[in-house]
Amino acid sequence: MENLFLTDLLDKLLDLKEKMMSGIDIESSNVSLLNMKQYLNLRKHDYSRLQDELTKVGLSSFGRSQGHIEASINVAIEMLAHALGKESEVQQAALSYEESHAIMDKNSEIFSTSSDKTKIMITVPSNYMDDEFWFSNLSHEGVHLFRINTAHDSTEAWSDMAELIKLEQYASGKDLRIYVDLAGPKIRTSLFKSKKSPDKIKKIKVNYGEKVLIRSANQPPFEKKPKQNAAIIGCTLEHLGDLVKVGDRVFVDDGKIEMLIEAIYGDDIDCSVLTHKEGGSSIKDEKGINFPDSNINIQAITERDKEILPHICNYANIIGISFAQTPEDIRDLIEQLDLLGKKGQIAIVAKIETKKGVENLPQILETLIEYGNSGVMIARGDLAIEIGFENLAYMQEEILDLCTAAHMPVILATQVLESKMKTNIPSRAEISDVAFAHKAECVMLNKGEYALETIKILSTILKQMDLIFRKNKLLYNHSFQWK
């Protein structure tokens, strides 16, 4: 009876391997690309029951084998064949367990050559000069990368930040890296000037059920506000009316305000406010706008990004592509770096923060693998709005696992220990979130008054988690995202 069970198990594994290799060029020279494609093939099927059966007989269930999936399956096949007294004729895997980990360790060095398993990155605030020891203190407590955000400040300010980071690297002897985020095509609100004041309105309050007219970029405000609208705001996206449809949702200011498109007038859209908040909600100037139901097809690398690239290439170790949605976005930056003689010298990180970016992630990863010297950021702020907050936990796991299969190092970003950064009091949920963040190769903190205290607690948690585990067991059921 036991032999029948083991024979059935062996047959299932051989069938699994055949399906995993389907349509793949096994002569591919890039083992990371080969392994990613094998993993994606595997996720087209449900093997969760088989994983349980393998565990019952003391074999690996492949729950931590994303980076070396074929080698792990081969071992299970060979052990079952040996137990049954059969000859194993499996072809040797293109990538061994040891080789997989060596590749991932090498690729992760884009963040730092420090021996710390999970690197820490922090955003440089505009007021960093208020503390002359800001860089040295944070470096001492365990920061490996400093992030410069080109959506704020000036080229002169960025140069000053970079110079101080380099001075700290020289003084400390640590391998510190400079990460520069391109601003990209962030869609933002634009509040109009009022007749009473030459300055822009700072905020407009709206209530549930009220109508808000959103005007596309470069259009003048109405001389007189339409009676049916409680507010009129601008949007930095051009030809807005052509990109959305009635019934699409609109989110403003990191999802704080939700609206629904009820009518489209040329480039203008008429929305109703769905957010219930006592006292109303305030729409502020230059806040992000998300259209999660709309096909917003815009290039990640803007003309402004191209203009500042020659400047930031003088000091950047890594350049982040905001709102990366297609392989073409990656190639666009590679082309610009090539023109500047920096191709291959500066690492590229694709920030995944839109629904389209998630859908195209396998193709984006393929382009990054071909470039080498690259990584991925899970930018959870915009991503949560785009895919729905209820789907974020599942999706960040899926992205991490796919990137592990591609040997692509990952930065986990947005709201990591945010309460601790701002108030010096962490929430229990934040502590649990850091335990999850430990799965990534790098964790990013944003700005906050209590940065030093936050780095201390983050470093402690990450080191404690290193003593327990590296990756969780994954169940190989159907992938809802990449079928």
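**Exercise 1. Asn373 and Thr414**

In which loop does Asn373 lie? Work this out on the predicted model, and then characterise the backbone and the exposure of Asn373 and of Thr414.

*Solution.* Asn373 is found in the loop between α12 (361-371) and β15 (374-379). For the backbone, begin with the general expectation: most residues other than glycine have a negative phi. Asn373, although it is not a glycine, has a positive phi of about 50 degrees. Its relative accessible area is 28%, and because partly exposed covers the range between 20% and 50%, Asn373 is partly exposed.

The second residue is treated in the same manner. Thr414 belongs to the loop between β16 (410-413) and α15 (418-423), and its phi, near 85 degrees, is a positive value in a residue other than glycine. With a relative accessible area of 24%, Thr414 is partly exposed.

**Exercise 2. The contact of α6 with α7**

Determine how helix α6 is oriented towards helix α7, and state which residues make the contact.

*Solution.* Two packed helices are described by the angle between their axes and the distance between the axes. The axes of α6 (residues 134-141) and α7 (residues 155-172) come within 10 Å of each other, crossing at roughly 50 degrees. An angle from 35 to 65 degrees is neither roughly parallel nor roughly perpendicular, and α6 and α7 are therefore oblique to each other. The handedness of this crossing is right-handed.

On the α6 side the contact is made by Phe135, Ser136 and Ser139, which meet Met161, Leu164, Ile165, Glu168 and Ser172 of α7. Sorted by class, the residues of this contact are four nonpolar, three polar and one charged.

**Exercise 3. The rings around Phe135**

Classify the ring pairs that Phe135 forms with Trp134 and with Phe146, and place the rings in their cluster.

*Solution.* A pair of aromatic rings is described by the distance of the centres and the angle of the planes. The count of aromatic pairs comes to four. In one of them, Trp134 and Phe135 have 5.0 Å from centre to centre and 85 degrees between the planes, an edge-to-face arrangement. Phe135 also pairs with Phe146, the centres lying 5.1 Å apart with the planes at 65 degrees, so this pair is edge-to-face. The pair formed by Phe135 and Phe146 links distant parts of the chain, since Phe135 is in helix α6 and Phe146 in strand β2 (residues 145-149), 11 residues apart.

The next step is accessibility, for which buried means under 20%. Trp134 is buried at a relative accessible area of 11%, Phe135 is buried at 6%, and Phe146 is buried at 0%. Finally, ring pairs join Tyr128, Trp134, Phe135 and Phe146 into a cluster.

**Exercise 4. The contact of α2 with α14**

Repeat the orientation analysis for helix α2 and helix α14.

*Solution.* The axes of α2 (residues 31-42) and α14 (residues 389-405) come within 7 Å and cross at roughly 135 degrees, which makes α2 oblique to α14. In the contact, Ser32, Asn35, Met36, Tyr39 and Leu40 of α2 meet Glu398, Asp401, Leu402 and Ala405 of α14. By class, five residues of this contact are nonpolar, two are polar and two are charged.

**Exercise 5. The surroundings of Lys245**

Locate Lys245, and relate its position to that of Ile165.

*Solution.* Lys245 sits in the loop between α8 (240-243) and β8 (249-252), where it is partly exposed, with a relative accessible area of 47%. Leaving aside residues up to four places away in sequence, Lys245 touches Ile261, Ile264 and Asp293. Ile165, which belongs to α7, is separated from Lys245 by 80 residues in sequence and by 47 Å in space, C-alpha to C-alpha.

Notes: Residues numbered from 1 in each chain as written. Predicted model: local features only at pLDDT ≥ 70, side-chain atom pairs only at ≥ 80, totals over all residues. Heavy atoms only, no water. Axes fitted to C-alpha atoms, helices over the stretch in contact; angles between N-to-C directions. Helix = DSSP H or I, 4+ residues; strand = E, 2+ residues; numbered from the N terminus. Parallel < 35°, antiparallel > 145°, perpendicular 65-115°, else oblique. Left-handed = near helix turned anticlockwise from the far one by under 90°. Contact = heavy atoms within 4.5 Å. Nonpolar A, V, L, I, M, F, W, Y, C, P; charged D, E, K, R; others polar. Phe/Tyr/Trp six-rings, centres within 6.5 Å; stacked < 30°, edge-to-face > 60°. Buried < 20%, exposed > 50% of the residue type's maximum accessible area, 1.4 Å probe, protein only.
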